[in-house]
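Me: I would like a close look at one part of this model, its main pocket. Please keep it brisk and put the part in context.

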Amino acid sequence: MPGPYDKIIKTLHTATDKVLRTFGNSVNLKIQKNIESGKDLDDKPFKELSPDSTIPERARKGFDNRPLIRSGKLRKTQVKNSKLKVTIKMTGKKKSIHYGALHNEGYVTSSKSAFPNKRVPARKWFGIPKDFTGNGKEAKKMKQQVRNIIGSAFRGITRQRIRGGR
């Protein structure tokens with residue numbers, strides 16, 4: 001026999017799952033838009049490409065001169081939804097390493113590279129954007145969406161409980 005709060009618990013799980021999906025999809029879209037516009041997680045411009053190595057190499061091969069736009073794979077982050085869990089995944093691997101992670105942290109090129117032992121600056125592109133934390137603009141929107149989603153989910157249930165119905 002179902003308990004008196006089973007319907008409320010199920011409704012809360014459904015509402016929470018919807019909130020997480022909305023949040024995950026919004027963060028993913030923001031990450032992609034920021035890469036396209038050349039901005040990091042704090043909405044600041046990425047450090048410029050090196051005029052000594054990267055820019056001439058890209059020009060020679062016919063690639064875009066904006067940071068993190070060479071293959072376009074970093075802009076194809078993916079959202080994976082499962083029960084009460086959302087995961088945003090990087091795409092783009094080389095030799096089984098997500099090169100987006102290297103760009104996020106910064107690195108030094110290999111001694112065997114075309115441009116050996118060059119420092120590549122960190123370009124913080126992957127993670128939760130500043131707008132989605134604390135009192136950021138997107139965080140405020142998300143908090144309102146949470147209130148709306150959960151409030152809407154419980155509108156009928158709480159009235160039934162108050163009246164003593166099921």
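Which element gives the most to the lining of the largest pocket, and how many residues does it give?

Reply: Helix H2 gives the most to that lining, with 4 residues. Two notes on the basis come before the rest. The model is predicted, so local features need pLDDT of at least 70 and side-chain atom pairs count only at pLDDT 80 or more, while totals for chains, interfaces and linings use all residues. Residues are numbered from 1 along each chain as its sequence is written, and side-chain values use heavy atoms, without hydrogens and water.

Now the pocket itself. Its volume is about 1,300 Å³. A pocket here is an open set of points on a 1 Å grid over the protein atoms alone, where a 1.4 Å probe fits, with protein on both sides within 12 Å along at least five of seven lines; lining residues have an atom within 4 Å of a point. The volume is the space filled by probe spheres set on the points, which are joined across faces, edges and corners.

The lining has 34 residues. Arg70, Lys94, His103, Tyr107 and Thr109 lie nearest the pocket centre. The elements that give two or more residues are H2 (54-61), strand S3, helix H3 (99-105) and strand S6. Helices (H or I, at least four residues) and strands (E, at least two) are DSSP runs, numbered from the N terminus. By class, the lining divides into 12 nonpolar, 9 polar and 13 charged residues. Asp, Glu, Lys and Arg count as charged; Ala, Val, Leu, Ile, Met, Phe, Trp, Tyr, Cys and Pro as nonpolar; the others, Gly among them, as polar.

Next, Leu68. Leu68 sits in the loop between H2 and strand S1 (78-82). Leu68 is buried, at 8% relative accessible area. Buried means under 20%, exposed over 50%, and partly exposed in between (1.4 Å probe, protein chains only). Beyond four places in sequence, Leu68 touches Ile35, Phe46, Arg58, Leu74, His103, Arg123 and Trp125. Contact means heavy atoms within 4.5 Å. One of these partners, His103, is among the residues nearest the pocket centre. Glu36 is 32 residues from Leu68 along the chain, yet their C-alpha atoms are separated by 8.6 Å. Ile69 follows in the sequence. With neighbours up to four places away left aside, Ile69 contacts Ile35, Glu36, Arg58, Asp64 and Arg75.

Leu68 and Ile69 both belong to the largest nonpolar core. That core has 12 residues, and its other members are Val27, Ile31, Ile35, Phe46, Leu74, Met90, Tyr99, Trp125, Phe132 and Met142. Helix H1 (residues 6-37) gives the most to this core, with 3 residues. A nonpolar core is a set of buried Ala, Val, Leu, Ile, Met, Phe, Trp, Tyr and Cys residues joined through side-chain atoms within 4.5 Å.

H1 deserves its own look. Its 32 residues should span 46 Å at 1.5 Å a residue, and the end C-alpha atoms are 46 Å apart, so the two agree. The expected span is 1.5 Å times one less than the number of residues. Buried positions in H1 include Thr11, Ala15, Asp17, Gly24, Asn28 and Lys30. Val27 is a buried H1 residue too, with a relative accessible area of 3%. Outside its sequence neighbours within four places, Val27 touches Ile88, Gly127, Ile128, Pro129 and Phe132. Val27 and Ile88 are 61 residues apart in sequence but 8.5 Å apart in space, C-alpha to C-alpha.

Leu84 also meets residues from far along the chain. Leu84 lies in the loop between S1 and strand S2 (85-89). Its relative accessible area is 35%, so Leu84 is partly exposed. Not counting residues up to four places away, Leu84 contacts His13, Thr16, Asp17 and Leu20. Leu84 and Lys18 are 66 residues apart along the chain, with C-alpha atoms separated by 8.5 Å.

Last, the backbone. Just after H1, Gly38 takes a positive phi of about 75 degrees. Gly38 is in the loop between H1 and H2 and is buried, at 17%. Gly38 touches Lys44, Pro45 and Phe46, with residues up to four places away not counted. Two residues that are not glycines have positive phi as well: Ser96 at about 60 degrees and Asn117 at about 55 degrees. Ser96 lies between S3 (93-94) and strand S4 (97-98). Asn117 lies in the loop between strand S5 (107-108) and S6 (119-120). Ser96 is exposed at 65%, and Asn117 is exposed at 53%.
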